[in-house]
Amino acid sequence: MANDSSFLFSGIRFDRKKFGADIARFQKKDTDNSLAKIQSVAEDEESEETKEAVSAKKRKRKRTSSAVEGFSVFRTSTSKSNDEIQADDDESIRLKKEQNKQLERDALFRKNHNIHVSGYNVPSPLQSFDELKTRYKCPSYLLRNLRELGFREPTPIQRQAIPVLLHGRECFACAPTGSGKTLAFVCPMLMKLKVHAKGGIRAVIICHSRELSTQTYRECKKLAKGKKFHIKLMTKNLLRNADFSKFSCDILISTPLRLRLAIRKKKIDLSRVEYLVLDESDKLFEPGLFKQIDSIIKACSNPSIIRSLFSATLPDFVEDRARELMHDAVRVIVGRKNMASETIKQKLVFTGSEEGKLLAIRQSFAESLNPPVLVFVQSKERAKELYGELAFDNIRVDVIHSDLSQEERENAVDNFRAGKTWVLIATDVVARGMDFKGINCVINYDFPDSASAYVHRIGRSGRAGRNGEAITFYTEEDIPFLRNVANLMSSSGCEVPSWLMELQKKKWKKHRPKRDSISTKPDL
Ligand SMILES: Nc1ncnc2c1ncn2[C@@H]1O[C@H](COP(=O)(O)OP(=O)(O)OP(=O)(O)O)[C@@H](O)[C@H]1O
């Protein structure tokens, strides 16, 4: 009000004593002014366009209300001339047109890249990595690292999620497997953190498995190369030996379990965390991990924290949770939600029985083994059994499951990555997030237990735009769920026999039938 009054009365001689009552009346009117209400309406609006329309209304009302309230008596002598008002209006019309054009360009660009967004005032997508520099002053070390990693163009999820996070907006995002989601959250995090700083933990990335945490840690290191950020992986050793009362780092990567232990037993302080990423977020919100995630979210109590959720599958319950949790979040979907990657050729093979599966896999390896091949089974017991069968078949095969020690698990991953192992037999422990470059084929030896398990498992091949192949064996027990796979296949562009599409669809969750053991040895 102080400013308003000086604006109202500047430049003219005015008897305040004489007109005291009028001043009070005008001041009260101004406080009640509907502009405040219009402002709050504008903030609730979905799009920039609507916001502009409201502002135009606001301008119009402002002029009308001044005239009605008698403000014009004072305004004519102090405010702008008609020409100046006209010039202002012309300028705001020009700005509005320019904004609308930008909105149209953004919409077209998003359409061409299959990006769908919702939320208020969503930042424009990136046209190229160069825009990181021109629009956001990206430091040169990061651009150099992107170049050295061979990343020429941002992927669709990177085009949209990076600007959203750089604008300080919370975000939940769904994009196909292998489409570069890791960079989409690590790049803006490094840009926002700018340089190493002491004083607590500044950013946290949660990954559901140790393998994925280690991989994400390595990716962060690669992207931060040349800059002295303190990036830490919450290992067993760190958890056991660190003095968390003095613990400080720029980025901490952890599984939910280890971080929760650090919160409860070691009193790690997460109150200064500025950025929190929940990778594979739908997995993290499943009942088994939910409590741990909940306590981590609560411990990250900084009111200006920016949280983001990423996954290739985003069920409705996770969206609901995200909306409850986040403020003014932007939703980014690339392609369609919960869809398998379009670069994977998918096939279904009926094997009749468990024995049939073993024959089929042996035959397939004998005819055309094109490593690396990843084979998924439904339990660690079955992983051990299949390994026992294939280990003596003259192929370089290894196995990974949760009964192995940390070192054995790491070796299994490293040997597979290095090409020393041709065939890796695995449980769902490596079904999500793991980036084994150039996997030629994924074999679902056991039918997956849900739609998301199917999408993530086969998504270990066909990554970063490369082609891949996925073969799913099925027996009588799996037939009720065939239609669900057929749907996923057809929505990602694979040909599906029409009889499959005529089968009944069934709710598909936790389908883990008791299966005969994997063995060629006759039962005694
Ligand atoms: N802009 C880019 N250009 C080329 N390759 C890229 C680009 N961004 C990331 N990649 C590569 O794409 C691969 C997949 O990336 P990433 O692991 O982040 O995928 P994702 O979307 O997280 O997959 P998932 O859903 O399976 O976790 C990696 O090998 C990564 O190095």
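**Entry 1: E410**

I looked up E410 and found a relative accessible area of 37%, so E410 is partly exposed. I note here that the model is a predicted one. E410 sits in helix α19, which covers residues 406–417. I then asked which residues gather with E410 in a patch of negative charge. They are E407, E408 and D414, and the patch lies on the surface.

**Entry 2: E148 and K225**

I turned to salt bridges, and by the rule used the count is 36. I picked out the one in which the side chains of E148 and K225 meet, at 2.9 Å from N to O. I placed E148 in helix α8 (residues 140–148) and K225 in the loop between α11 (210–223) and β4 (231–233). The two parts are 77 residues apart in sequence, so this pair ties them together. I also checked the cover on K225: its relative accessibility is 48%, so I wrote it down as partly exposed.

**Entry 3: K298 and D294**

Next I looked at the salt bridge between K298 and D294, where the closest N and O atoms are 3.0 Å apart. How many residues apart are they in helix α15? They are four residues apart in that helix (residues 287–299), so about one helical turn separates K298 from D294. Is D294 buried or exposed? I read a relative accessible area of 18% for D294, and since buried means under 20%, D294 is buried. K298 has 60% relative accessibility and counts as exposed. In my notes, then, this salt bridge has an exposed K298 and a buried D294.

**Entry 4: R323 and E319**

I went on to R323 and E319, whose side chains meet in a salt bridge at 3.2 Å, N to O. Both are in helix α16 (residues 316–325). They are four residues apart there, so I put about one helical turn between them. For R323 I noted 47% relative accessibility, which counts as partly exposed. For E319 I noted a relative accessible area of 4%, which makes E319 buried.

**Entry 5: a network**

Last, I asked which residues are joined into one network by salt bridges that share partners. I listed E354, K357, R382, D446, D478 and R515.

Methods. Residues are numbered from 1 along each chain as its sequence is written. This is a predicted model: local features need pLDDT of at least 70, side-chain atom pairs count only at pLDDT 80 or more; totals for chains, interfaces and linings use all residues. Side-chain values use heavy atoms; hydrogens and water are left out. Patches are made of residues with over 30% relative accessible area and no salt bridge: like charges are joined within 9 Å, nonpolar side chains (Val, Leu, Ile, Met, Phe, Trp, Tyr) within 5 Å. Accessible areas come from the Shrake-Rupley method with a 1.4 Å probe; for residues, only the protein chains shown count as cover. A salt bridge is a side-chain nitrogen of Lys or Arg within 4 Å of a carboxyl oxygen of Asp or Glu. Lys and Arg count as positive and Asp and Glu as negative; His and the chain ends are not counted. The place of a charge is taken as NZ of Lys, CZ of Arg, CG of Asp or CD of Glu. Buried means under 20% relative accessible area, exposed over 50%, partly exposed in between (1.4 Å probe, protein chains only).
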